[in-house]
Amino acid sequence: MRLSFAALAVVLGAMLMPAAAQEIPMFGHPVRIGVLLPEEKPAAGPLWAEIVKSAREGLVATEEDFVFNAELVGMDFKAIAESPVGGDLIAAAQKLLDQGAFAIMGGYTNVEARTLGVWAEQKGIPFVNLGATADSLRNDQCSATTFHLSPSAAMYIDSIVGWYVRSGLRQWYFVVEDSEEGRAQYERMRWSMQERHFGAREVGRMNLAPGRAGGANLANAVRRANADVVVLLQGATDQLTALKDLEAGGVPATVQVTGFPHLEAQLRQFYRQSRAAAPNLGTGHRAAAWEASIDAYGAREYNARYRERWGVPMETPAWAIYHGMRILYEAAFFTGGKTDPKSVMRYIMDPGSVFDLHKGVGTSFRPWDRQERQSLYLIKVNTPARATNLLNEALLVGELPAIYMPGTNLVERLDQIGDLANRSRCRKPTPLR
Amino acid sequence: MTYGFLVRRGFVGAALASGLLLGADGLAQTPVKPGDTYRIYVANEYNADITVIDTATDTVIGAIPISGRPGLVRPRGMALSPDGTVVYVSVSDFHPEFEVPEDKIVAIDTRTNTVLQEFRAGGNPERVAISPDGKQVWASLEAIAHGGGYDIATGTQFVQFRVGIEAEGVAVSPDGKWVYVTAEATHTTTVYDVENKRILKHVLVGNRPRCVAFSLDGTRAYVSAEIGGTISIIDVTRNHTVVANVNLGLDSRPVELVVDPAGKYLYVAGGGTSAIYVIDLATNRIAHIIKERMGRRPWGVTITPDGKKVYTANGLSDSVSVIDPECMCVVKNISVGRGAHSVQVGVVPARG
């Protein structure tokens, strides 16, 4: 017999052994955590549908694990979930509160996370951002009660720049979405090249409105610029279009093409589409918050349980649901069931609190912007010969930054990526008293 | 089943230990006799074999194959029989989602370095512990969130009980009353009451608990927490309650631990910092941190019954470091197999 998320649910009754129940600590009241699932939007395309699927499957697997854990210590725990209807996030979030949730998690786009962050701050409840990367959410638009599990754009950008600069790539070409977020990512990337990873220079840039293709002009511009790396700071679908244009336009396979890892762009379906759009250029390296083939730090067992449960690899949305739950669950679990907002936030922000993201080291939240420190992963999109199944769509290449560096400070190590306190424009302290 | 093995006898003079000794994961050993010799057994996770080292010379004297599928089948945790003459190895594969025939416990005779017995132990057994009477082996079954008890005489499982998710460390108290099983993803140590055949309680410990070892008198248990970087000290006599935590630092990532034969020090393998933390058990404070010349990512640690040498299994340097407790320093590094995971010291009894 193997433990699976499904099997866990079946055996819960057996866990309630009278002998155990007499001995375990008592948690005095029900513990409920609210999960906002991504809304089903057929018009949003197949990548969004994958996010919805991954989040839903992730929630089932997560709840099975945490209900199992809660039963061990006599905690009456349940994850309650809602999906927005017609884009009404607030109504769905309020429903969660009405059902007794002490905190909520969600935020699969920057707009969603912004909306929920404002609402949560008004309500005074903790909100865990699962998927929104925008640095603005950690700075001018920060919310005092939002905790960012999702890596920030700055963290992804520093990782990407660091990787390619260390790989010797010096001539950088940018394709920038003509939007507030696209411009912010570009500016942050320029800063990273100038201040953190010297040696590379910008050799060209094309700004494109969302949904607009660069076509042959893009490929010509990249070739003329003699770029050796192209960074697509666009939405996931536009990145696929750009890849196709670059390949069709004769950009040599030696040019490395990567893109900003939006949640949609961390899916294996995206990797598959990337390879289909550009068989050569579409099999490059990508940054990701999670990788289903990680084989260390207990991640082997964690990934294996998920694969057994659903028959598919654990994608980033499912991972985020699990660990968003873990942050909130442990705030109650390690404090004997305290779920009032300030106790929960105090636990999360306590420098002594440690969170295990299945990434091998204990992590913590940065006090200045409530961003969870963590390492990221670098994957390579596999070639057709290697991509024999969904798991093999990607090959794990590296960890950014490397966590195994004895003799160095762990927090400083993790703070190599992302914005430090001196760059923070968030002026809202966590309301702990 | 018998494997070919090169045997070369070593000798350690005046190797006496007084009182009980606790090995990694709480194994209780009886005192050894004059003339007994020691061998170090190292489970090589990626080599599917066990390296054997002669402690007299600190040289490798052979390897015992566990499987013909290195890289696919992995030996991990080990424990010793009370007289030190049988090494038990937990064996599984790298795919916890699949049940495979290699999920088993293998018993090795230290006198001949041959396999004596194999027990079926389904559920990805990660670590094992032996009862003080030497009649039972207990295993953490990682993939199915269980602890399991096996009768050594028959090789059959007589009990299976639920613990937290990702079961890992297991130890039996010196009086044989309690079996402790840690669970990495649940942050718990489950206390199983052997006599009454029931789970007594689940104790919250540090973040991602790995291994557990009892004190010589059995009144304390020490649980390493890899992500928390702590050692939780459980008072066994006070309803198995955590009474103190020793903070080794977030980066320490402690795994195996062993109490020295004098009961003075707890040696903790700090996998994250490639260090051995030595905790003074009188004060529960760190007395020494051994880093110089240490191999990389020590997970395993054990000590000879005479307390004169400490050995570590270093997974990222495929080596064993030898520590002299007199100087609290590394005196030698020995190359072993790939992915050295755990280490135990076996006894070869004196003839006659």
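**Pairings and contacts in chains A and B**

Tutor: Let's start in chain B of this predicted model: strand S28 (residues 319-324) and strand S29 of chain B run antiparallel and are joined by six bridges.

Student: Which residue of S29(B) stands opposite B:Val322?

Tutor: S28(B) covers residues 319-324 and is bridged to S29(B). Looking across to S29(B), the residue that faces B:Val322 is B:Lys332.

Student: Thanks! Which strands form the edges of the sheet that holds S26, S27, S28 and S29 of chain B?

Tutor: This sheet is open, with antiparallel pairing and the order S26-S27-S28-S29. An edge strand pairs on one side only, and in this sheet the two that do so are strand S26 (298-303) and strand S29 (329-335) of chain B. From one strand to the next, the twist averages 25°. So the edges, each pairing on one side only, are S26(B) and S29(B).

Student: How many helices and how many strands does chain B have as a whole?

Tutor: The C-alpha atoms of chain B fill a box of roughly 45 × 45 × 40 Å along the principal axes, and 63% of its 352 residues count as buried. Of the contacts in chain B between residues at least 6 apart in sequence, 50% join residues at least 24 apart. As for the elements of chain B, the counts are zero helices and 30 strands.

Student: Which element of chain A gives the most to the side that touches chain B?

Tutor: The contact joins 28 residues of chain A to 34 residues of chain B. On the chain A side, two or more residues come from each of helix H1 (5-15), helix H2 (18-23), helix H3 (46-72) and helix H11 (299-310). With five residues, the element that gives the most is H11(A).

Student: And which element supplies the largest share of domain 1 of chain A where it touches domain 2 of chain A?

Tutor: Chain A is divided into domain 1 (5-151 + 295-374) and domain 2 (154-288 + 375-414), with 29 Å between their centres, taken over C-alpha atoms. Domain 1 brings 25 residues to the contact and domain 2 brings 24. On the domain 1 side, H3 and helix H12 (316-333) of chain A each supply at least two residues. The largest share, five residues, comes from H3(A).

Student: In the sheet S7-S6-S8-S9 of chain A, is the pairing parallel or antiparallel?

Tutor: This open sheet of four strands has strand S7 (201-208) and strand S9 (256-259) of chain A at its edges. Strand S6 (residues 171-177) and S7(A) pair over seven bridges, and A:Gln171 stands opposite A:Arg201 in S7(A). For the sheet, the pairing is parallel.

Student: At what angle does H8(A) run to S7(A)?

Tutor: Helix H8 of chain A covers residues 215-225. H8(A) lies across S6, S7 and strand S8 (229-233) of chain A. Relative to S7(A), the helix runs at about 170°.

Student: How do the residues of the contact of H8(A) with H9(A) divide into nonpolar, polar and charged?

Tutor: H8(A) and helix H9 (residues 236-248) of chain A pack at about 65°, with axes 8 Å apart, in a right-handed crossing. H8(A) contributes A:Gly215, A:Leu218, A:Ala219 and A:Val222, while H9(A) contributes A:Ala242, A:Asp245, A:Leu246 and A:Ala248. By class, that gives six nonpolar, one polar and one charged.

Conventions. Residues are numbered from 1 along each chain as its sequence is written. Chains are lettered from A and ligands numbered from 1 in the order in which they are written. This is a predicted model: local features need pLDDT of at least 70, side-chain atom pairs count only at pLDDT 80 or more; totals for chains, interfaces and linings use all residues. Two residues are in contact if their C-beta atoms, placed from the backbone, lie within 7 Å. Axes are lines fitted to C-alpha atoms, for helices over the stretch in contact, and angles run from 0 to 180 degrees between N-to-C directions. A crossing is left-handed if the near helix is turned anticlockwise from the far one by less than a right angle, and right-handed if clockwise. Ala, Val, Leu, Ile, Met, Phe, Trp, Tyr, Cys and Pro count as nonpolar, Asp, Glu, Lys and Arg as charged, and the others, Gly among them, as polar. Domain bounds come from an automatic or database domain assignment. A residue is buried if 20 or more other C-beta atoms lie within 10 Å of its own, exposed if 12 or fewer, and partly exposed in between; C-beta atoms are placed from the backbone.
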